[in-house]
Amino acid sequence: MSQQQAQPLAGTTIVAVEHVNLDYHKEREPLPVLVDVSMTAKRDELVAITGPSGCGKSTLLRIVAGLIRPSAGKVMVLGSEVKGPRADVSMVFQNFVLLPWRTALENVLFGLSPRKDLTEEQKREKAKAALEVAGLSGFEDVYPGELSGGMKQRVGVARALATEPRVMLLDEPFSSLDDLTAERLRKETYTLLINPQTSVQSVILVSHNVEEIIELADKVVVLSGRPARVVGEVEVKMPRPRNKKSEEFFQWVDKVYTLLS
Ligand SMILES: Nc1ncnc2c1ncn2[C@@H]1O[C@H](COP(=O)(O)OP(=O)(O)OP(=O)(O)O)[C@@H](O)[C@H]1O
Ligand SMILES: [Mg+2]
């Protein structure tokens, strides 16, 4: 996919979450969910966010995506403040749902429907290219009912890629898949970041699977139980490809577990 804008250098901060607080409201009482959360994702970094169930991980990702405004603090993406959904940030949702009456290609095109700057033909080209990167060439005209769980998830990834985002947000993208499919898609996730055919410069992955995180992440941000605060960060300085059976791998897994417990 093409890349018209200037390329930030390696090490440049792509996403900065700065002192974010978020309160939901329950029976008119404020329900604090995020307290003073700060984190960054740099160029070519895959950052994982983990924490106990219900602590506020999806909420944090939605704030980065511009779907929820923080109660305090702010999120910067490529130097400008996030004030709503934007073209350079795409999210693949937890429990991603496809429109069953639309083909794979039409589901991807749906993600491009707000783009008034593109002709229908250009949208189709971008959607097809995204399906190809997601490994779904030849499945353009297939309906979701005929796709496996892993393939549906790939359509979700293609839909997020089609808009040529700089930042890709993934909320538990593998948790509903069988082990083999999940493992294959995990390998492809890191490729999204390093593949020069994609526009993606940073990936933020929410996951509660610590082994998955150590397999993929450059950095792990560990959140506490609700209300979530950052308990610690782990820079996973382990060369790739990472051997999941090595002693070193388990030491990194252990470091994250220690922060979680
Ligand atoms: N729209 C909402 N209104 C009120 N409370 C909400 C809303 N969305 C989420 N919550 C509450 O905020 C807390 C954090 O939810 P969130 O979905 O961000 O957690 P999570 O860490 O992603 O959980 P999980 O591990 O189950 O995916 C939960 O207690 C949830 O019940
Ligand atoms: Mg969640």
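The questions and answers below concern the fold of one chain in a predicted model. Residues are numbered from 1 along each chain as its sequence is written, and chains are lettered from A and ligands numbered from 1 in the order in which they are written. In this predicted model, local features need pLDDT of at least 70 and side-chain atom pairs count only at pLDDT 80 or more, while totals for chains, interfaces and linings use all residues.

Q: Which radius of gyration does the chain have, and what would a compact globule of 261 residues have?
A: The radius is taken over C-alpha atoms, and the globule rule is 2.2 Å times the number of residues to the power 0.38. For 261 residues a compact globule would come near 18 Å, and the chain agrees with this because its own value is 18 Å.

Q: What is the strand order of the open sheet of six strands?
A: Helices (H or I, at least four residues) and strands (E, at least two) are DSSP runs, numbered from the N terminus, and two strands pair if DSSP finds at least two bridges between them. The edge strands, each pairing on one side only, are β6 and β10. The pairing is mixed, and the order is β6-β7-β8-β3-β9-β10.

Q: Which residue of β7 is the bridge partner of Ser90?
A: Strand β6 (residues 89-92) runs parallel to β7, and four bridges join them. In β7, the partner of Ser90 is Met168.

Q: Is strand β7 (residues 167-171) mostly covered or uncovered?
A: A residue is buried if 20 or more other C-beta atoms lie within 10 Å of its own, exposed if 12 or fewer, and partly exposed in between, with C-beta atoms placed from the backbone. Val167, Leu169 and Asp171 are buried on one side of β7, as are Met168 and Leu170 on the other. With five of its five residues buried, the strand is mostly covered.

Q: Through which helix does the chain cross from β7 to β8?
A: Five bridges join β7 to β8 (residues 202-206), and the two strands run parallel. The β-α-β crossover between them is right-handed, that is, clockwise from the first strand over the helix to the second with the strands pointing away from the viewer. The connecting helix, residues 179-194, is α5.

Q: How many residues does the largest nonpolar core have?
A: Such a core is a set of buried Ala, Val, Leu, Ile, Met, Phe, Trp, Tyr and Cys residues joined through C-beta atoms within 7 Å. Among the residues with the most contacts inside the core are Val64, Leu169 and Ile204, and its number of residues is 68.
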